[in-house]
2 protein chains.
Amino acid sequence: MQKVDVILKNALIVTMDQDERVLADGAIAISGNSIQAVGETKEITAEYKADETIDCAGKTITPGLVNSHTHAAMTLLRGLADDLRLDVWLLGYMMPVEREFVSPEFCRLGTLLGCAEMIRGGTTCFADMYYYEETVAEAAAEAGIRAICGQTVLKFPSPDAESYEDALDYARSYMEKWRDHPLVIPAIAPHAPYTTTDEILKACTELAMENWRETYDMPVVPWVKKLGLLDAKVVAAHCVHIDDGEIHTLQHAGTGISHNPSSNLKLASGFAPVTEMLETGLNVGVATDGPSSNNDLDMWEEMRLASFIAKAYGENPTALPAKTVFDMTTRMGAKALYLGDITGSLEAGKRADIILLDLQSVHNAPHFARSPDAVYSRLVYTAKATDVTDVMIDGKWVLRERQLQTIDLDPLLKEADEYAAKIDAFLIEREGSVLSKLIAIGGAEREESYEIQIKVRIPDAAPFVEKINSGEFEIVRTAHYLEYDTYFAFDAPEEYRLRYREDEFLNDEGEVFNVRYRLTLTGPAAEGEYHDAIFLSRSRFIAPAIHSLRFYQEYFNPASSIEVNKDRLRWQLRYEGVELFVNIDRLINPKLDCFFLEIKSRTWSRRDAQQKADKISSLLHTLGAGDSDTIRMEYPQIVVE
Amino acid sequence: MQKVDVILKNALIVTMDQDERVLADGAIAISGNSIQAVGETKEITAEYKADETIDCAGKTITPGLVNSHTHAAMTLLRGLADDLRLDVWLLGYMMPVEREFVSPEFCRLGTLLGCAEMIRGGTTCFADMYYYEETVAEAAAEAGIRAICGQTVLKFPSPDAESYEDALDYARSYMEKWRDHPLVIPAIAPHAPYTTTDEILKACTELAMENWRETYDMPVVPWVKKLGLLDAKVVAAHCVHIDDGEIHTLQHAGTGISHNPSSNLKLASGFAPVTEMLETGLNVGVATDGPSSNNDLDMWEEMRLASFIAKAYGENPTALPAKTVFDMTTRMGAKALYLGDITGSLEAGKRADIILLDLQSVHNAPHFARSPDAVYSRLVYTAKATDVTDVMIDGKWVLRERQLQTIDLDPLLKEADEYAAKIDAFLIEREGSVLSKLIAIGGAEREESYEIQIKVRIPDAAPFVEKINSGEFEIVRTAHYLEYDTYFAFDAPEEYRLRYREDEFLNDEGEVFNVRYRLTLTGPAAEGEYHDAIFLSRSRFIAPAIHSLRFYQEYFNPASSIEVNKDRLRWQLRYEGVELFVNIDRLINPKLDCFFLEIKSRTWSRRDAQQKADKISSLLHTLGAGDSDTIRMEYPQIVVE
């Protein structure tokens, strides 16, 4: 009789081995971190003698689940912001909060909580990508869970790197340090096509090619292929926007795929062509993605959903049957992560990554046995994460009778709620101020404190244009543009107003030769009148508008918004020693039958403002416009009236 | 101080009342079966004094969930047959098994198990439709759960009714008996457009109009409107195939809608236009459908999925936000069932249908409080059925600290597994025999035991046609048709062969004037030769083919199948006192360059078979065909060679 450490016996065992054996009364012999043998209980107990033999009667045993793509530390951001578009969610909430809060401590806490949830739900291996990934690696090792930990690389500054060069340096030293760890495999993870560059991908490829594994998130297949990325061991997550050609390229390169059903649905990213990828021969794993876009780390929900979506999307209820999905979540999932030799099935020689389930509860009843596939139906369509009772990873128990063995949860949960309170406070402050929100998504430049302006309604533009161009004035610059403005107003006491402006610059032929997108945030104005010029003291910030109007609309969520489109002729001219702007505006939308003449200036100095108000008033008379037509409203008000 | 029976205090209360109040430290005062007051703990405890005050610190309290469409008793069929098309699943598995096993005992057991699962998951009200619905009603009442129990009406015989008239009679007496029950509301439930008729719908409407409620499953809106059905209180389940016009018709009629996310996906029925229905003002509830197409009764999974699908299907991640889904599952769900006055929210005057959840576990951490919607995110995107700790229905506890109060589960689970074993045995026997499978889906008629036939290859048809039509023979009948045959073969030892045949009958102008679909099942043949005629003794069954070829292909799952299409001229003629069939066949697909002459007969008598073999041989010579061209193969073999 051979001596082993542990025998688990008398269980229904779903091996996911080559022959897909399902043993009605099976046993597993385990020595050290590895499986010695899997077979009928009477065979195993006849052949092996163990220090500890555990009677698993009534239990179902399967390989541990493989979560092929997540951001475990984002557990701390679960439920922070939901029902938002990807860009608003990511750029408006996740990244600003991450910039403020993500630290090694944050990553350690979040990862430990994520590991606790994954272990309790039967996940024994996960592929992670986040910041401070060495801390993630440390937390995973502490929790005793198998993990591929990928250091994120972004083109813009991230919580753990001022530049992508810093991120690559961090990744290099981290990967060197962790290359021989028994549980954790270090990796590098360029984030997404819209957050990376050619240089970053090439550098990542070089790092990964030095014999390390990597997790990787990039659906633009031909691009990454050209950059050599597919020569490395790549795991491509999401893959919702790939076509047949791309599928074949990935298959040819042997790329592992990670399918993220909940996250793809929740963020409306699309439907991944999973059936097609499987038919082509790709190894497709299943994954939760991060808990802030899911909102949990429950692989049982993902399995169920993977099958359901494939059926509905393919209009074929026979698509992705339960057994295939269970394969994707165990054996094939391990292969997709290039860990097929180590984990993903219960067979001699593989690591002992094993889970026990109690499928005797009412939601799993009754038990049909007619079809050999019935057990997969039970696992995929009815089992819950909370049915997992025991989890062994690498030969060590990390969950026994639903009790975590490696993680002391209570202090962590307390810490998590402290973080939540701090993040709540940060966001409450930010959300309370349009300026803070503007700064949170990329900052804004403060402009001159004083604005002096006068506006008069004029029946016709021509005489004024003629007068301005008569040579009487020193013209510094002229411009002609179409201005598409959207003004966001906010409820009192918030008196900020935010303008989103698209400027189309027109040449002499009236053709658009340049476009500019800008945000202008104006604070409440302290108004004063000086002769006939209005003079305003108010805070004013401008920022390039790098996102869409829709993004800002959703992100700032204004109480109301007003559209004003106009055709503007603008002169920057020197008048009696001061520089002033003269605008002749025609409202296109809403269409008005008159023109407006505006004279404007800005300054940091109150005294200067008063002087300029004099000059503006004087110029107005010189141009021949009457005082009586002075309009004290700005365009959004004019439009509303 | 007012006296009440129970006060629940110190909980986070999500009221779902008109103002959608969320009370961070709330309390509920309950008297008898009703809620007396809901408010801040200090207000309630100052105003009310209770026999029992329960400290719910750390708990979240919400209205009980409303499952707006299910077949609770089908719990007993959970996991029986998955990954199949709707028709194969329903007509090939569910209905045959139901015909065999569904009885009052079955319905009682299945419903009690279903109620146990629903109660444990926080469902306090469900709309059911099944057979023996009075038994379902009794079981629901016993479990102490609120239910609308709809007696199914089908056009064909069902487990509880030989005809739809019987079903209507049953429904009438059941509905009269239960009309005043405090928990159960009797209803009538015509199944689906493809299983009902005009007469049934009219009769159902009349029954339901007698002031009773009904649950109802019928997406063909104009049809049911014409039949007056929408005048009754209708709940329309699934509604995946309705257009804008139909949505408006339903809205106008005030019809309640039941959305079944899991079931619609799993059976690939389609995507219900939920966002559009909500925008139109329809009351849309959420539902599990039966546990055999889901495969559970977990409303938390349905909520999450309802939101996810709406986002992905509408390509809009802001669609169906968590709060809306929670509304659909509580207040609006109750309205969809015409129970909005009674249940669905926590407010004074409504019945005390209340659930307590422990959302402190790791998969719900951390807790953000910044947005008032955060609690709905937690409930919809992360809470699990197993987070429900206590359930009160109609003022009575049915779950206390996760222990069922009204149902003794263990003996029921044992009984369920006994049923499963019996159903397994039934299906194993049926699946073991093509004949049993054929009988299971509608029966087959046995044909004559003996078949005598001869087949010869002929170079040209014309001389034979001329000879047969020469007047020399007494011709009883002639026909000309195109035959589209598909032969299913099964692995040995199963030697049955099943033929699916479409006959297109042609008139003299070669136009199709009639079509016939038939299944013919032939058993293994004992072959004998008598002169040059083959004579076969074999079992042979015919049945009208009422389903599609695809249905039979999936249902019978043959090892292989062969297609043979031919053009057949057929004579039924009297020759020397016996009736024989003469066929002249031309193979169209696969195309062959020759013709085949067949002479055939069938009989129940062995002696008669021998005599007919003589006559067939004689007729063959009379027609001028040579013995040497005799072919001993049937068409599938010819085609394969």
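**Exercise 1.** With which residue of chain A does Arg304(B) form a salt bridge, and how far apart are the closest N and O atoms?

*Solution.* The structure is a predicted model.
Step 1. The partner of Arg304(B) is Glu301(A).
Step 2. The closest N and O atoms of this pair are 3.0 Å apart. A salt bridge requires a side-chain nitrogen of Lys or Arg within 4 Å of a carboxyl oxygen of Asp or Glu, so the pair qualifies.
Step 3. Between chain B and chain A, the count of salt bridges is 12.

**Exercise 2.** Describe the contact between chain B and chain A, and state which helices of chain B contribute to it.

*Solution.*
Step 1. In chain B, 70 residues are in contact with 70 residues of chain A.
Step 2. About 5600 Å² of area is buried between the two chains. Carbon and sulfur atoms give 61% of this area.
Step 3. Residue pairs in polar contact between chain B and chain A, both at pLDDT 80 or more, number 32.
Step 4. Several helices of chain B each supply at least two residues of the side that touches chain A, including α2 (86–101), α11 (299–313) and α15 (409–431). The helix giving the most is α15(B), with 10 residues.
Step 5. The residues on this side of chain B comprise 35 nonpolar, 15 polar and 20 charged.

**Exercise 3.** Determine how many residues are buried in α14(B) and in helix α12 of chain A.

*Solution.*
Step 1. A residue is counted as buried when its relative accessible area is under 20%.
Step 2. In α14(B), 9 of the 9 residues are buried. Among them are Tyr376(B), Arg378(B) and Tyr381(B).
Step 3. Helix α12 of chain A spans residues 322–329, of which 6 of 8 are buried. These buried residues include Phe326(A), Asp327(A) and Met328(A).

**Exercise 4.** Identify the strands joined to strand β13 of chain A, and give their direction.

*Solution.*
Step 1. Strand β13 of chain A covers residues 354–358 and is mostly covered, with 4 of its 5 residues buried.
Step 2. Strand β5 (residues 59–63) of chain A is joined to β13(A) by 5 bridges, and the two run antiparallel. Within β13(A), Ile354(A) has Pro63(A) standing opposite.
Step 3. Strand β14 (residues 388–393) of chain A is joined to β13(A) by 4 bridges, and this pair also runs antiparallel. Here Leu357(A) stands opposite Val388(A) in β14(A).
Step 4. The answer is therefore that β13(A) is joined to β5 and to β14 of chain A.

Notes. Residues are numbered from 1 along each chain as its sequence is written. Chains are lettered from A and ligands numbered from 1 in the order in which they are written. Side-chain values use heavy atoms; hydrogens and water are left out. Contact means heavy atoms within 4.5 Å. Buried area is the accessible area (1.4 Å probe) that two parts lose on being put together, summed over both. A polar contact is a pair of N or O atoms within 3.5 Å; within protein, one must be able to donate a hydrogen and the other to accept it, and residues adjacent in sequence count only if both atoms are side-chain atoms. Ala, Val, Leu, Ile, Met, Phe, Trp, Tyr, Cys and Pro count as nonpolar, Asp, Glu, Lys and Arg as charged, and the others, Gly among them, as polar. Buried means under 20% relative accessible area, exposed over 50%, partly exposed in between (1.4 Å probe, protein chains only).
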